[in-house]
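Welcome! Let's look at this structure together and ask how a few of its labels are earned.

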Amino acid sequence: MAKIPPFDKTMRALQLLMLLGLLLSPVTLSLARKPRKEIGDREVYGNGRIFDITHEINPNMPTWESKDGLGQFIWLVTSMKNGSKLNSSQFKLSTHTGTHVDAPGHVYEEYYEAGYNVNSLDLGVLNGPALLVDVPRDSNITAEVMKSLNIPRGVRRVLFRTLNTDRKLMYKKEFDSSYVAFMEDGAKWLVENTDIKLVGVDYLSSAAYVNLISPHLIFLKKRKIILVEGLKLDNIIPGHYNVHCLPLRMLGADGCPARCILIK
């Protein structure tokens with residue numbers, strides 16, 4: 001067996017030490033610990049100008065009054081693994097799953113029968129300049145809270161970030177009835193004292209659980225305000241943006257999941 005020259009032995013030892021140092025470096029260990037993200041799982045686009053404020057629909061997201069989360073919602077009908085020439089899926093969801101909009105027919109039977117469904121929502125309201133505000137963390141959104149936010153006249157779209165975002169409620173499987181949202185007096189104050197036509201919130205309902213129906217009735221009575229619920233508002237600086245929110249065009253739907261983005 002040929003002997004390895006002393007110089008080569010030294011070089012190999014140095015190479016092994018360098019490799020070991022790289023493997024144990026903080027950067028490498030940090031990368032190793034970082035969970036793998038799915039392809040396309042991005043939050044920011046356009047060199048930091050475009051923010052995706054839509055929650056990913058997944059089996060572990062919360063659904064209304066459920067302890068078990070959404071569960072399986074999509075199935076392959078044909079599969080290339082099983083010999084088909086293509087993959088094709090079907091899905092089944094509540095119209096109020098994840099990031100979604102409410103139509104007037106959600107809480108008014110007469111509007112539902114008259115066809116005021118998702119197709120009736122004004123795209124001019126769902127798209128345009130918007131204001132992201134931080135709500136005081138110790139309260140539901142009452143009239144007093146609305147006054148304290150000092151939202152000027154002329155602002156037509158407001159996204160309300162609350163304690164729900166801090167608590168990451170939209171990332172928890174079990175529904176949490178202690179979420180923060182509008183009380184009746186807060187909804188009434190908004191309608192009577194602002195020009196807001198798009199109300200965006202960061203959990204599954206714009207109305208607090210203890211005061212569930214009346215804020216919806218106040219918001220949707222005149223069919224001028226659109227509710228966007230379940231927004232993902234993590235790590236976004238409060239201020240002015242352009243919001244774009246597009247629900248699917250579904251006949252007869254009292255609500256619908258939507259893809260919403262902010263552009264700076």
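The questions below deal with a predicted model.

Q: What makes Cys-245 and Cys-260 a disulfide?
A: A disulfide needs two cysteine sulfur atoms within 2.5 Å. The sulfur atoms of Cys-245 and Cys-260 are 2.3 Å apart, so the pair meets that cut-off. The pair links distant parts of the chain: Cys-245 sits in strand β10 (residues 239-247) and Cys-260 in strand β11 (residues 255-263), 15 residues apart. Both cysteines, Cys-245 and Cys-260, are buried. By this rule, the model has one disulfide.

Q: Why is Cys-256 not bonded to the closest cysteine sulfur?
A: That closest sulfur belongs to Cys-245 and lies 9.7 Å from the sulfur of Cys-256. Because a disulfide calls for sulfur atoms within 2.5 Å, this distance is too far for a bond.

Q: Is Cys-256 buried or exposed, and why?
A: Buried means under 20% relative accessible area. Cys-256 has 0% relative accessibility, so it counts as buried.

Q: Why is Asn-164 called buried?
A: Its relative accessible area is 2%, and the cut-off for buried is under 20%, so Asn-164 earns the label. You can find Asn-164 in helix α6 (residues 163-167). Leaving aside residues up to four places away in sequence, Asn-164 touches Leu-169, Tyr-179, Val-180, Asp-202 and Tyr-203.

Q: Why does Lys-168 count as partly exposed?
A: Partly exposed lies between the buried limit, under 20%, and the exposed limit, over 50%. Lys-168 has 43% relative accessibility, so it is partly exposed. Lys-168 lies in the loop between α6 and α7 (184-193). Lys-168 also has a positive phi of about 55°, although it is not a glycine.

Q: What makes Asn-235 exposed?
A: Exposed means over 50% relative accessible area. Asn-235 has 79%, so it is exposed. Look for Asn-235 in the loop between β9 (226-229) and β10. Its phi is near 60°, a positive value in a residue other than glycine.

Q: How many cavities of 30 Å³ or more are counted?
A: The count comes to one. The largest cavity has a volume of about 50 Å³.

Q: Which residues line the largest cavity, and how do they divide?
A: Among them are His-55, Asn-164, Lys-168, Tyr-171, Asp-202 and Asp-234. The lining divides into five nonpolar, three polar and four charged residues. Lys and Asp count as charged, so Lys-168 and Asp-202 belong to the charged group.

Note on methods
Residues are numbered from 1 along each chain as its sequence is written. This is a predicted model: local features need pLDDT of at least 70, side-chain atom pairs count only at pLDDT 80 or more; totals for chains, interfaces and linings use all residues. Side-chain values use heavy atoms; hydrogens and water are left out. On a 1 Å grid over the protein atoms alone, a cavity is a set of points where a 1.4 Å probe fits but cannot get out, and a pocket is an open set with protein on both sides within 12 Å along at least five of seven lines; lining residues have an atom within 4 Å of a point. Grid points are joined across faces, edges and corners, and a volume is the space filled by probe spheres set on the points. Helices (H or I, at least four residues) and strands (E, at least two) are DSSP runs, numbered from the N terminus. Buried means under 20% relative accessible area, exposed over 50%, partly exposed in between (1.4 Å probe, protein chains only). Contact means heavy atoms within 4.5 Å.
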